[in-house]
Amino acid sequence: MAEVSARDAKLIQYLNEAYGKERELETALQAHITMTTRAPYKKRLQQHLRETKDHARRVNRRIKELGGKAEAIPAVPDRAPDALGEAAAAVTTAASRALAAAKGPLHAIRGTSTAEKMLKNAKTEYFNEFEEIATYRAIETLAETVGDRETQRLARAIRREEERMASFLERQIPTLTKAVAQTEIPASERRTRGGRKRQSTSRSRSTKSRSRSTKSRSGSTARRSSSRRRSKTGSSSRGSKRS
(Lines give C-alpha, C1' and ligand atoms only; values in the text may rest on other atoms or scores of the structure.)
Protein backbone atom coordinates (compact mmCIF):
# COMPACT_ATOMS: atom_id res chain seq x y z
CA MET A 1 0.00 0.00 0.00
CA ALA A 2 1.39 3.42 -0.97
CA GLU A 3 2.50 5.63 1.88
CA VAL A 4 0.20 8.59 2.51
CA SER A 5 1.76 12.06 2.59
CA ALA A 6 1.75 14.14 5.77
CA ARG A 7 -0.74 16.50 4.15
CA ASP A 8 -3.21 13.78 3.23
CA ALA A 9 -2.72 11.97 6.54
CA LYS A 10 -3.83 15.07 8.44
CA LEU A 11 -6.81 15.57 6.12
CA ILE A 12 -7.78 11.91 6.59
CA GLN A 13 -7.50 12.32 10.37
CA TYR A 14 -9.88 15.29 10.40
CA LEU A 15 -12.26 13.66 7.94
CA ASN A 16 -12.35 10.56 10.11
CA GLU A 17 -13.37 12.67 13.09
CA ALA A 18 -16.26 14.02 11.03
CA TYR A 19 -17.14 10.56 9.73
CA GLY A 20 -17.23 9.05 13.20
CA LYS A 21 -19.50 11.84 14.45
CA GLU A 22 -21.88 11.45 11.51
CA ARG A 23 -22.23 7.71 12.14
CA GLU A 24 -22.79 8.32 15.85
CA LEU A 25 -25.51 10.87 15.12
CA GLU A 26 -27.31 8.49 12.75
CA THR A 27 -28.09 6.28 15.75
CA ALA A 28 -28.97 9.22 18.01
CA LEU A 29 -31.30 10.79 15.45
CA GLN A 30 -33.12 7.50 14.87
CA ALA A 31 -33.77 7.29 18.63
CA HIS A 32 -34.93 10.91 18.82
CA ILE A 33 -37.31 10.50 15.88
CA THR A 34 -39.16 7.70 17.68
CA MET A 35 -39.68 10.01 20.69
CA THR A 36 -40.89 13.01 18.70
CA THR A 37 -44.62 13.72 18.48
CA ARG A 38 -44.56 17.23 16.95
CA ALA A 39 -44.99 16.75 13.20
CA PRO A 40 -42.85 19.65 11.86
CA TYR A 41 -40.01 18.80 14.24
CA LYS A 42 -40.19 15.09 13.41
CA LYS A 43 -40.20 15.79 9.68
CA ARG A 44 -37.08 17.96 9.99
CA LEU A 45 -35.29 15.29 12.04
CA GLN A 46 -36.10 12.70 9.38
CA GLN A 47 -34.75 15.02 6.70
CA HIS A 48 -31.58 15.63 8.70
CA LEU A 49 -31.13 11.90 9.26
CA ARG A 50 -31.03 11.50 5.46
CA GLU A 51 -28.56 14.39 5.28
CA THR A 52 -26.42 12.80 7.99
CA LYS A 53 -26.24 9.48 6.16
CA ASP A 54 -25.34 11.33 2.96
CA HIS A 55 -22.61 13.27 4.79
CA ALA A 56 -21.09 10.02 6.03
CA ARG A 57 -21.10 8.54 2.52
CA ARG A 58 -19.48 11.62 0.98
CA VAL A 59 -16.82 11.89 3.69
CA ASN A 60 -16.10 8.16 3.42
CA ARG A 61 -15.62 8.50 -0.32
CA ARG A 62 -13.24 11.43 0.10
CA ILE A 63 -11.18 9.55 2.69
CA LYS A 64 -10.74 6.69 0.24
CA GLU A 65 -9.80 9.10 -2.55
CA LEU A 66 -7.03 10.45 -0.30
CA GLY A 67 -5.75 6.92 0.28
CA GLY A 68 -7.21 6.39 3.74
CA LYS A 69 -9.73 4.12 5.39
CA ALA A 70 -12.86 5.45 7.03
CA GLU A 71 -13.05 5.05 10.82
CA ALA A 72 -9.31 4.44 11.15
CA ILE A 73 -7.81 5.60 14.43
CA PRO A 74 -5.63 8.70 13.94
CA ALA A 75 -3.40 7.65 16.85
CA VAL A 76 -2.36 4.40 15.14
CA PRO A 77 1.15 4.86 13.64
CA ASP A 78 1.20 5.42 9.89
CA ARG A 79 3.42 2.39 9.40
CA ALA A 80 1.36 0.04 11.57
CA PRO A 81 0.53 -3.29 9.88
CA ASP A 82 -2.74 -3.21 7.98
CA ALA A 83 -4.24 -5.89 10.23
CA LEU A 84 -3.49 -3.83 13.34
CA GLY A 85 -4.90 -0.66 11.79
CA GLU A 86 -8.07 -2.40 10.67
CA ALA A 87 -8.54 -4.08 14.04
CA ALA A 88 -8.12 -0.77 15.84
CA ALA A 89 -10.58 0.88 13.46
CA ALA A 90 -13.11 -1.87 14.08
CA VAL A 91 -12.80 -1.42 17.86
CA THR A 92 -13.33 2.33 17.51
CA THR A 93 -16.34 1.85 15.27
CA ALA A 94 -17.95 -0.64 17.61
CA ALA A 95 -17.32 1.58 20.64
CA SER A 96 -18.72 4.66 18.92
CA ARG A 97 -21.86 2.88 17.78
CA ALA A 98 -22.33 1.24 21.19
CA LEU A 99 -22.08 4.63 22.88
CA ALA A 100 -24.63 6.16 20.51
CA ALA A 101 -26.97 3.18 20.91
CA ALA A 102 -26.70 3.41 24.69
CA LYS A 103 -27.67 7.07 24.64
CA GLY A 104 -31.01 6.31 22.97
CA PRO A 105 -32.58 4.48 25.95
CA LEU A 106 -31.10 7.05 28.33
CA HIS A 107 -32.67 9.89 26.36
CA ALA A 108 -35.99 8.06 26.42
CA ILE A 109 -36.18 8.19 30.22
CA ARG A 110 -34.94 11.73 30.79
CA GLY A 111 -37.52 14.39 31.43
CA THR A 112 -40.87 14.22 33.18
CA SER A 113 -43.04 14.41 30.05
CA THR A 114 -42.89 13.83 26.31
CA ALA A 115 -42.61 17.58 25.82
CA GLU A 116 -39.57 17.74 28.08
CA LYS A 117 -37.95 14.73 26.40
CA MET A 118 -38.23 16.52 23.05
CA LEU A 119 -36.79 19.70 24.54
CA LYS A 120 -33.80 17.85 26.00
CA ASN A 121 -33.27 16.04 22.71
CA ALA A 122 -33.35 19.35 20.83
CA LYS A 123 -30.77 20.82 23.20
CA THR A 124 -28.52 17.80 22.63
CA GLU A 125 -28.98 18.04 18.87
CA TYR A 126 -28.20 21.76 18.98
CA PHE A 127 -24.96 21.03 20.84
CA ASN A 128 -24.01 18.33 18.34
CA GLU A 129 -24.67 20.60 15.36
CA PHE A 130 -22.18 23.16 16.62
CA GLU A 131 -19.59 20.46 17.24
CA GLU A 132 -20.03 19.37 13.64
CA ILE A 133 -19.93 22.96 12.37
CA ALA A 134 -16.59 23.43 14.17
CA THR A 135 -15.26 20.14 12.79
CA TYR A 136 -16.16 20.97 9.19
CA ARG A 137 -14.90 24.54 9.57
CA ALA A 138 -11.53 23.11 10.63
CA ILE A 139 -11.50 20.68 7.69
CA GLU A 140 -12.45 23.48 5.29
CA THR A 141 -9.66 25.73 6.59
CA LEU A 142 -7.07 22.95 6.60
CA ALA A 143 -7.98 21.93 3.05
CA GLU A 144 -7.78 25.54 1.87
CA THR A 145 -4.39 25.97 3.56
CA VAL A 146 -2.88 22.90 1.89
CA GLY A 147 -4.53 23.49 -1.49
CA ASP A 148 -7.09 20.65 -1.48
CA ARG A 149 -9.99 22.26 -3.30
CA GLU A 150 -12.10 19.09 -3.41
CA THR A 151 -12.03 18.54 0.34
CA GLN A 152 -12.58 22.26 0.92
CA ARG A 153 -15.74 22.27 -1.22
CA LEU A 154 -17.04 19.12 0.49
CA ALA A 155 -16.50 20.51 3.99
CA ARG A 156 -18.10 23.86 3.09
CA ALA A 157 -21.20 22.23 1.61
CA ILE A 158 -21.74 19.97 4.62
CA ARG A 159 -21.05 22.79 7.09
CA ARG A 160 -23.79 24.89 5.51
CA GLU A 161 -26.30 22.07 5.92
CA GLU A 162 -25.30 21.71 9.58
CA GLU A 163 -25.74 25.46 10.06
CA ARG A 164 -29.25 25.30 8.59
CA MET A 165 -30.14 22.51 11.02
CA ALA A 166 -28.70 24.48 13.93
CA SER A 167 -30.84 27.49 12.94
CA PHE A 168 -33.94 25.29 12.84
CA LEU A 169 -33.19 23.90 16.32
CA GLU A 170 -32.54 27.39 17.67
CA ARG A 171 -36.05 28.40 16.59
CA GLN A 172 -37.54 25.14 17.86
CA ILE A 173 -36.19 25.32 21.43
CA PRO A 174 -38.45 28.22 22.58
CA THR A 175 -41.50 26.45 21.11
CA LEU A 176 -40.62 23.20 22.89
CA THR A 177 -39.97 25.06 26.15
CA LYS A 178 -43.41 26.69 26.02
CA ALA A 179 -44.91 23.23 25.42
CA VAL A 180 -43.20 22.00 28.59
CA ALA A 181 -44.70 24.90 30.57
CA GLN A 182 -48.17 24.22 29.18
CA THR A 183 -47.88 20.50 29.87
CA GLU A 184 -46.35 20.55 33.34
CA ILE A 185 -47.37 23.85 34.95
CA PRO A 186 -51.00 24.67 35.86
CA ALA A 187 -52.52 27.56 33.95
CA SER A 188 -53.00 29.53 37.18
CA GLU A 189 -49.23 29.42 37.78
CA ARG A 190 -48.36 30.47 34.23
CA ARG A 191 -49.68 33.99 34.84
CA THR A 192 -46.34 35.66 34.94
CA ARG A 193 -45.34 38.81 36.74
CA GLY A 194 -44.85 40.29 33.32
CA GLY A 195 -48.54 39.72 32.61
CA ARG A 196 -49.58 41.42 35.83
CA LYS A 197 -47.19 44.24 35.09
CA ARG A 198 -48.73 44.69 31.68
CA GLN A 199 -52.19 44.80 33.27
CA SER A 200 -50.96 47.30 35.85
CA THR A 201 -49.34 49.37 33.12
CA SER A 202 -52.56 49.27 31.15
CA ARG A 203 -54.54 50.48 34.15
CA SER A 204 -51.95 53.20 34.77
CA ARG A 205 -52.20 54.33 31.16
CA SER A 206 -55.98 54.38 31.42
CA THR A 207 -55.82 56.48 34.60
CA LYS A 208 -53.38 58.90 32.98
CA SER A 209 -55.62 59.13 29.95
CA ARG A 210 -58.65 59.94 32.10
CA SER A 211 -56.60 62.49 34.02
CA ARG A 212 -55.49 64.18 30.80
CA SER A 213 -59.10 64.18 29.59
CA THR A 214 -60.29 65.76 32.84
CA LYS A 215 -57.55 68.40 32.67
CA SER A 216 -58.46 69.08 29.07
CA ARG A 217 -62.11 69.57 29.98
CA SER A 218 -61.16 71.77 32.93
CA GLY A 219 -58.93 73.86 30.70
CA SER A 220 -61.65 74.21 28.12
CA THR A 221 -64.16 75.27 30.78
CA ALA A 222 -61.69 77.81 32.18
CA ARG A 223 -61.08 79.26 28.72
CA ARG A 224 -64.80 79.61 28.07
CA SER A 225 -65.30 81.26 31.45
CA SER A 226 -62.43 83.66 30.81
CA SER A 227 -63.85 84.49 27.40
CA ARG A 228 -67.26 85.27 28.91
CA ARG A 229 -65.68 87.54 31.52
CA ARG A 230 -63.76 89.44 28.86
CA SER A 231 -66.94 89.79 26.84
CA LYS A 232 -68.86 91.21 29.81
CA THR A 233 -66.03 93.57 30.67
CA GLY A 234 -65.97 94.84 27.10
CA SER A 235 -69.74 95.46 27.10
CA SER A 236 -69.58 97.36 30.40
CA SER A 237 -66.76 99.52 29.07
CA ARG A 238 -68.67 100.43 25.91
CA GLY A 239 -71.77 101.26 28.00
CA SER A 240 -69.80 103.62 30.21
CA LYS A 241 -68.37 105.48 27.19
CA ARG A 242 -71.83 106.03 25.74
CA SER A 243 -73.01 107.56 29.02
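1. A residue counts as buried here when its relative accessible area is under 20%. By that yardstick, 33% of the 243 residues of the protein are buried. Please keep in mind as you read on that this is a predicted model.

2. Let's start with the overall plan. The protein has six helices and zero strands, and reading along the sequence gives the pattern α-α-α-α-α-α. Contacts often link distant parts of the sequence: among those between residues at least 6 apart, 74% join residues at least 24 apart.

3. What does the largest nonpolar core contain? It has 17 residues, and those with the most contacts inside it are Leu15, Tyr19, Val59, Ile63, Tyr136 and Ile139. Two or more residues each come from helix 1 (6–35), helix 2 (39–65), helix 4 (114–146) and helix 5 (149–184). Helix 1 gives the largest share, five residues. As general background, nonpolar side chains in soluble globular proteins tend to be buried together.

4. Leu15 is a good residue to click on if you want to see this core from the inside. Leaving aside residues up to four places away in sequence, Leu15 touches Val59, Arg62, Ile63, Leu66, Ile139 and Thr151. There is also a second, separate core of 16 residues, which includes Ile33, Ala122, Leu176 and Ala179.

5. Now for the helix pairs. Two packed helices are described by the angle between their axes and the distance between those axes. For helix 1 and helix 2, the angle is about 155° and the axes are 9 Å apart. Angles over 145 degrees count as roughly antiparallel, so helix 1 and helix 2 are roughly antiparallel to each other. Their crossing is left-handed. By class, the residues of this contact divide into 11 nonpolar, eight polar and six charged.

6. How do helix 4 and helix 5 run relative to each other, parallel or antiparallel? Their axes come within 8 Å and cross at roughly 160°, and helix 4 and helix 5 are therefore roughly antiparallel. This crossing, too, is left-handed. The contact of helix 4 with helix 5 has 19 nonpolar, four polar and 14 charged residues.

7. Helix 2 and helix 4 make another pair to look at. Their axes come within 14 Å and cross at roughly 30°. Because angles under 35 degrees count as roughly parallel, helix 2 is roughly parallel to helix 4. The crossing of helix 2 and helix 4 is left-handed.

8. Which residues meet where helix 2 and helix 4 touch? From helix 2 come Tyr41, Leu45, His48, His55 and Val59, and they meet Met118, Asn121, Ala122, Glu125, Glu129 and Tyr136 of helix 4. By class, this contact has six nonpolar, three polar and two charged residues. Some names here will be familiar: Val59 and Tyr136 are among the residues with the most contacts inside the largest core, while Ala122 is part of the second one.

9. Finally, have a look at Met35, which lies in helix 1. With a relative accessible area of 12%, Met35 falls under the 20% cut-off and is therefore buried. Met35 and Thr114 are 79 residues apart in sequence, yet their C-alpha atoms are 7.5 Å apart in space.

Methods: Residues numbered from 1 in each chain as written. Predicted model: local features only at pLDDT ≥ 70, side-chain atom pairs only at ≥ 80, totals over all residues. Heavy atoms only, no water. Core = buried A, V, L, I, M, F, W, Y, C linked by side-chain atoms within 4.5 Å. Buried < 20%, exposed > 50% of the residue type's maximum accessible area, 1.4 Å probe, protein only. Helix = DSSP H or I, 4+ residues; strand = E, 2+ residues; numbered from the N terminus. Contact = heavy atoms within 4.5 Å. Axes fitted to C-alpha atoms, helices over the stretch in contact; angles between N-to-C directions. Parallel < 35°, antiparallel > 145°, perpendicular 65-115°, else oblique. Left-handed = near helix turned anticlockwise from the far one by under 90°. Nonpolar A, V, L, I, M, F, W, Y, C, P; charged D, E, K, R; others polar.
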